[in-house]
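Okay, everyone, thanks for coming. Let me put the structure up and we'll walk through it.

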Amino acid sequence: MKETLPGFDHGYVNDAVHCSSIDITVPETPPHGHLRGSNEFILTSDGRKVLKTNSYERIEQWLSKKKQSAFSKKMLYKRLPILSWLPQYNSTDFVGDLVAGITVGLTVIPQALAYSSIAGLPAAYGLYGSFLGCLVYIFLGTCKDVPMGPTAIAALLTYQVAKGDVLKAALLAFLTGLIQVLMGFMKLGFLIDFVSGPVSSGFTSAVSLIIVTSQVKDVLGVEAKGSTFVQIWSGIFKNIDKTSLWDTCLGIGCIVILLLMRLIAMIKIGPKEEELKTTRQKVINKILWLIGTSRNAILVVICGIMGYYFQHNSAEKKTPFQIIGDIPEGLPTFQIPKFTLSANESSTGTEESFLQLVNGFGSGLIILPLITLMENIAICKAFSNGKPVDASQELIAVGTANIVNSFAQGFPGTGSLSRSAVNNASGVRTPMGNIFTSAIVLLSLMFFTPYFSYIPKATLAGIIIAAVVFMVEIRVVAPMWRTKKSDLVPGLGTFICCLALPLEIGIVVGIGLNMAFILYHAARPKISCEVLKTHNNIEYLMITPDRAFIFPSADYVRNLVMKQSMKQNLPVVIDATHIYGADYTAANVILSLTQDFSKRKQPLFFYNLKSSVCSVFEGLSPVDFVVFYREENLDELLATRDYKPPQPQITA
């Protein structure tokens, strides 16, 4: 039965007889210090909680609300971002997008050819996944700088999941896209928040080293199978005696040239202020930037000419280094991905059903959509100029692009950071720049694929190594050490596991380590204990937890409160200002505490307890459960309990 404290209008006592609800028949005692609970409940005159509507009506209301919002103009503009910028499109935007699109197109061709080798697929399949996704992103994408296509990380994950099988890679792209679209409509973009900065850095650095390692074999001209860092290096050392001098010299030379050309793009002549530069200086700077930016395309053309010369003019009609070989001319065959494989189509030589294929992909079907989203969101944040990024809409855009790419036999892709940087620096104005990038790729497929076959493998390997080596995030170690050293544990753990184990297992281990740290901190909240005095000069023990009171920390908090209360033998006040949530286990602890304090006749009060948390504690009807909201009322509470301060013992 509820008993109101005389002369005290900000506290209550729950004697836990019949109901833990607050009696509203006493107007002078506002419940919970004027704090209101959920609007889903009303209180009857006898204090019982009654739902305003039943479950069926609430579901019907929710569905009706969702239906209205789904077909609203606001939702249409949200799901089709092109409607926001296309009406304002002008000639200035067209010129900026044209220049940027062509520049990115010249960058994406050599990268697509190179990333195909990382994915373990023929060179043409990188180009197959580089034109349709760009067109889709124009309609659904939210970031003007993102050019959809294959990336190094996505290619490596594809290799580890699809094992270099063309048909499985296309199916993987379809399923990855489908999962991403479903996640987008279910607004699950927040899942990438569980991948912390240290884990992301460890994963990216490990992937970079694996990619570099996978290309070392092409630089040396040797065979080396394997999907992990250790396996690849083991294969390289076994065949190190078969190293090709021509491939090695060409590969190392390409890497050196690319790094030097990278520096050319950074050269600026004339005054630092752009407006003070002459027209001649601006033109020279632009030419230097174009040379540095197009370094991959320039090198591919030069080395391709070398390969053509040796193939047709040498005595043996053979190049002294390994080349890509024949690439199918023209556009890919557009078809639905294979959901089952016959014995002839399967790399295992046996028929594989859809369930067997999905089972073979394993956790890669979850990791690949999340990692590609993480790559894309990182780009959007980098070029958003502080604007919020809609992760769910990006999931829909990237997912739809992957689904469409799968019909052109492309493998999973996402936004590329290096190409996005080129796009931004080229002055892209809208996502329409993707249409010109797509056009460049289509032209190369229709007219230039026969010439791509002369490109040396060592050149493509050099392009990958020169680009990926800068993805190793050594620079984050020192700041992490200065800020919070414990963050190095999940970062290093992810890095080591990704090198030694398949990538999907490595990232899961990293996330697990991070979650373990979070749970540890949840289980060990910071609790301050200090002896204070009331206005009447009565000492009491103030205990202040700094976070939510939930099951991992329940026993820890209980033991500490019991230990300190028995040690001090004073009234105890638990300052609940920072307790923003509680659960059943915490309610059980409060029940146990109130019982123990009641037996010892030691006062226990709760200060500034939120109404939502209070209702959780009241659910088990704790004994002598007292809450107050004004410090000056503590003396009144102690007087109500007839509390007498302990007298100091006089020694003889």
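So, start with Ser 553. Leaving out residues up to four places away in sequence, Ser 553 touches Ala 522, Ala 523, Pro 525 and Ala 548. Bear in mind that this is a predicted model. Where is this serine along the chain? You'll find Ser 553 in the loop between β8, residues 539-545, and α24, residues 554-568. And is Ser 553 buried or exposed? With a relative accessibility of 0%, Ser 553 counts as buried.

Okay, on to helix α23, residues 503-523, and its partner α15, residues 364-382. As a reminder, two packed helices are described by the angle between their axes and the distance between the axes. For this pair, the axes come within 9 Å and cross at roughly 70 degrees. Angles of 65 to 115 degrees count as roughly perpendicular, so that's what we call α15 and α23. Which residues make the contact? On the α15 side you have Gly 364, Ile 367 and Ile 371, and on the α23 side Glu 504, Ile 507 and Val 508. Sort those by class and you get four nonpolar residues, one polar and one charged.

Now α22. This helix covers residues 488-500, so to speak, with 13 residues in the run. From first C-alpha to last, α22 reaches 18 Å, close to the 18 Å expected at 1.5 Å a residue. Plenty to look at inside it: Leu 488, Pro 490, Gly 491, Gly 493, Thr 494, Cys 497, Cys 498 and Leu 499 are buried. What covers them? The cover includes α9 (197-220), α10 (229-238), α21 (477-483) and our friend α23.

Since cysteines have come up: how many disulfides does the structure hold? Zero. Take Cys 497, which is in no disulfide: the nearest cysteine sulfur belongs to Cys 498 and sits 7.1 Å away. The cut-off for a disulfide is a pair of sulfurs within 2.5 Å. On accessibility, Cys 497 has a relative value of 19% and counts as buried, the cut-off being under 20%. Cys 614 is buried too, with a relative accessible area of 0%.

Last, the wide view. The chain has 27 helices and 11 strands. Of its 652 residues, 49% count as buried. And if you take contacts between residues at least 6 apart in sequence, 75% of them join residues at least 24 apart.

That's my tour, so over to you.

Definitions and conventions. Residues are numbered from 1 along each chain as its sequence is written. This is a predicted model: local features need pLDDT of at least 70, side-chain atom pairs count only at pLDDT 80 or more; totals for chains, interfaces and linings use all residues. Side-chain values use heavy atoms; hydrogens and water are left out. Axes are lines fitted to C-alpha atoms, for helices over the stretch in contact, and angles run from 0 to 180 degrees between N-to-C directions. Helices (H or I, at least four residues) and strands (E, at least two) are DSSP runs, numbered from the N terminus. Angles under 35 degrees count as roughly parallel, over 145 as roughly antiparallel, 65 to 115 as roughly perpendicular and the rest as oblique. Contact means heavy atoms within 4.5 Å. Ala, Val, Leu, Ile, Met, Phe, Trp, Tyr, Cys and Pro count as nonpolar, Asp, Glu, Lys and Arg as charged, and the others, Gly among them, as polar. Buried means under 20% relative accessible area, exposed over 50%, partly exposed in between (1.4 Å probe, protein chains only). The expected span of a helix is 1.5 Å times one less than its number of residues.
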